[in-house]
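Here's a quick tour of a model, going from overall shape down to single residues. Have a look at the fold before reading on.

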Amino acid sequence: MKRLLSYMEKYKYRLLFAVLLSIAGNLLALVGPMLSGKAVDVIAAGKGAVDFARIWYYAAWMIVFYVLSSVLSYVLSLIMLHTAQNLAGRMRQEVFDRLLSLPVGYFDRNQAGDIISRVSYDVDVIQASVTNDFVQVIAGFVTVVGSFGMMFYISPWLTLVVLLMIPVSVFYTRYMAGKTRPMFRKRSAKAGELNGMVEELITGQKTIQAYAREGKMTERFDGKNEEAVQAYYNAEYYGSLIGPTVNFINNCSLTVVTVAGSILYLFGRISLAPEYAFFQKMALSLGAISSFVLYSRKFSGPINELANIVSEIQSALSASERVFRVIEEPAEAEDVYGAVELTDVAGKVEMEHVEFSYVENKPILKDWSMKAEPGELVAIVGPTGAGKTTVINLLMRFYDPVSGKILVDGKENREVTRKSLRASYAMVLQETWVFEGTVHENIAYGKENATREEVIEAAKAAGIHGFVKRLPMGYDTVITEDGVNLSKGQKQLLTIARAMLSDARMLILDEATSNVDTRTELRIRTAMQKLMEGKTSFVIAHRLSTIQNADRILVVNNGKIEESGTHEELMKKQGFYYQLYASQFQ
Ligand SMILES: Nc1ncnc2c1ncn2[C@@H]1O[C@H](COP(=O)(O)OP(=O)(O)OP(=O)(O)O)[C@@H](O)[C@H]1O
Ligand SMILES: [Mg+2]
């Protein structure tokens, strides 16, 4: 709550103005019942002949006050709508910006769907609550206090009657709110489970069909759906009981007020003995009673709403907790003080006795040392899960080692700015990534302001120029929007072209050629050789044919370098590499 309020501080003058408007608007609306009562008194005093001039007079004033009050509420809702949208926009921006600056590890730990729902759903919940609840709380407060004051002014005794009924409805709503809250929570949980199943269906559709598991899926969904229906029903059923019951309690109160009011009216019509003058003082006019009834209705309105508002505010608070969790998530650590820009990179890379673990006490890399001279090609091979991608993560400083050093051109990784370090690598990752934009934009991502000629050259080198030319708009074809769905291999070639364009001195290729056919692979290998010329390159490959000409091959197993050397040396040694090679080629 505090955090949310301090977030709203930027709008404090606007909100203050909104509070004043709300108070004024609701106070103006409080005049109506009083005037209406006065009009009733005019009718009652007329005894058959009604003084219409007076009635018109009161009616006109009522209109004036109600119009003024409506105009103020209108302006108020405009202000709140504007403020809340502004706040939501700012929040979304901040969450997004924060996501950009978070370390890679955050995304490894958190589910994509959950992060997405924080940017969209949770921000919406907050926005809706700020728009409605803020106004409602103030309006409710003013109305309750104002109506109470007016009722008390008209008749303290009758007010007492109304007050007697309040605890009944407050306790009832509180009891019911307590009873239904777990039901609403359960409803959300069940809704979440249903969403989860739909997601499962969408992502796994082909697998489900391939294994003919449609029946099983339907069965599972049926079960979950039934539970959801029950949970929805329970929540809605008990939720819908509250309104009518509270209404009933209020109507009881109105009945009591009616009876008590008529008695008080009677006191004014009969003459009582002097010792009962006390009762005479309590007497009310018809108009006073009618005003009182209108005020009592106004008074109970916000109190009935209380349960709703409280639960809405609660859901807004839990939503803001989820949003602020992201905004306050520590960003990737700042570069160390005095970090220098890595410029004119020659491309010498060393790792010295590096130890690393993602999770404490579960070492992934153990005493890892390697060295690459400028322009060398280092290949990393080994079984799946051995730690190959992890090495890349460390080179790029997506993670920092627990101990040991990583040096580029003799400068320690941590002593240079992350930005310049990362800019000195071009890379093609295991997961390809293309974004919604033209083919040109997607390739030019590797180099700002790349010309069309450069892009075409890179595409030619990667072997996709022919394919791109055949697209409806060539290099200006928008990927995804035009329904152009690239195949996995084409996407990979595109990312290779992107890397080709970058003039970084060092290159990282993680399984870059695993998705292309053998003929394309051959083409890429030639292109790669051109690309790697003069660059320090780290290539991870499962297919050993691609890395036979490497200057050094590191054979990794369980986070340790088991063997290293050239292809010939390792073959001669007849060790782990030899076995790997033999299993692929014999
Ligand atoms: N973000 C992470 N958090 C925790 N553990 C991880 C994380 N990423 C990888 N690991 C673990 O680290 C080990 C090495 O993973 P890595 O991705 O480096 O393997 P790899 O050699 O690249 O395998 P592959 O050939 O299948 O790509 C694995 O046991 C994996 O479970
Ligand atoms: Mg990997």
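What percentage of the 586 residues in the protein do buried residues make up? The share is 30%, where a residue is buried if 20 or more other C-beta atoms lie within 10 Å of its own, exposed if 12 or fewer, and partly exposed in between, with C-beta atoms placed from the backbone.

Some housekeeping before the rest. Residues are numbered from 1 along each chain as its sequence is written, while chains are lettered from A and ligands numbered from 1 in the order in which they are written. This is a predicted model, in which local features need pLDDT of at least 70 and side-chain atom pairs count only at pLDDT 80 or more, whereas totals for chains, interfaces and linings use all residues.

**Overall shape**

The protein has 19 helices and 10 strands, which are DSSP runs numbered from the N terminus (H or I and at least four residues for helices, E and at least two for strands). With a radius of gyration of 37 Å, well over the 25 Å that the globule rule gives for 586 residues, the protein is more spread out than a compact globule. That radius is taken over C-alpha atoms, and the rule is 2.2 Å times the number of residues to the power 0.38. Along the principal axes, the C-alpha atoms fill a box of roughly 125 × 50 × 50 Å.

There are two domains to look at: domain 1 (1-154 + 306-331) and domain 2 (349-585), with bounds from an automatic or database domain assignment. Their centres, taken over C-alpha atoms, are 55 Å apart. As for contacts (C-beta atoms, placed from the backbone, within 7 Å), 77% of those between residues at least 6 apart in sequence join residues at least 24 apart.

**Around ligand 1**

The shell around ligand 1 includes D108, Y358, T384, K388 and Q430; a residue is near a molecule if its C-beta atom, placed from the backbone, lies within 6 Å of it. Helix α11 (residues 388-395) brings the largest share of that shell, 3 residues. By type, the shell splits into 4 nonpolar, 6 polar and 2 charged residues. Here Ala, Val, Leu, Ile, Met, Phe, Trp, Tyr, Cys and Pro count as nonpolar, Asp, Glu, Lys and Arg as charged, and the others, Gly among them, as polar.

**A run of parallel strands**

Strand β6 (residues 425-428) points Y425 and M427 one way and A426 and V428 the other, and all are buried. β6 runs parallel to strand β7 (residues 506-510), joined by 4 bridges; strands pair if DSSP finds at least two bridges between them. M427 has I508 as its bridge partner in β7, and V428 has L509. In β7, 4 of the 5 residues are buried. On to strand β8 (residues 536-540): β7 pairs with β8 in the parallel sense over 5 bridges, and D510 stands opposite I540.

**Three single residues**

Here is how three residues sit in the model.

| Residue | Place | C-beta neighbours within 10 Å | Status |
|---|---|---|---|
| Y7 | helix α1 (residues 2-7) | 18 | partly exposed |
| N361 | loop between β1 (349-356) and β2 (365-372) | 5 | exposed |
| R397 | loop between α11 and β4 (403-408) | 20 | buried |

N361 has a phi near 65 degrees, a positive value in a residue other than glycine. R397, not a glycine either, has a positive phi of about 60 degrees. Y7 and S120 are 113 residues apart in sequence and 18 Å apart in space, C-alpha to C-alpha.

Definitions and conventions: Two residues are in contact if their C-beta atoms, placed from the backbone, lie within 7 Å.
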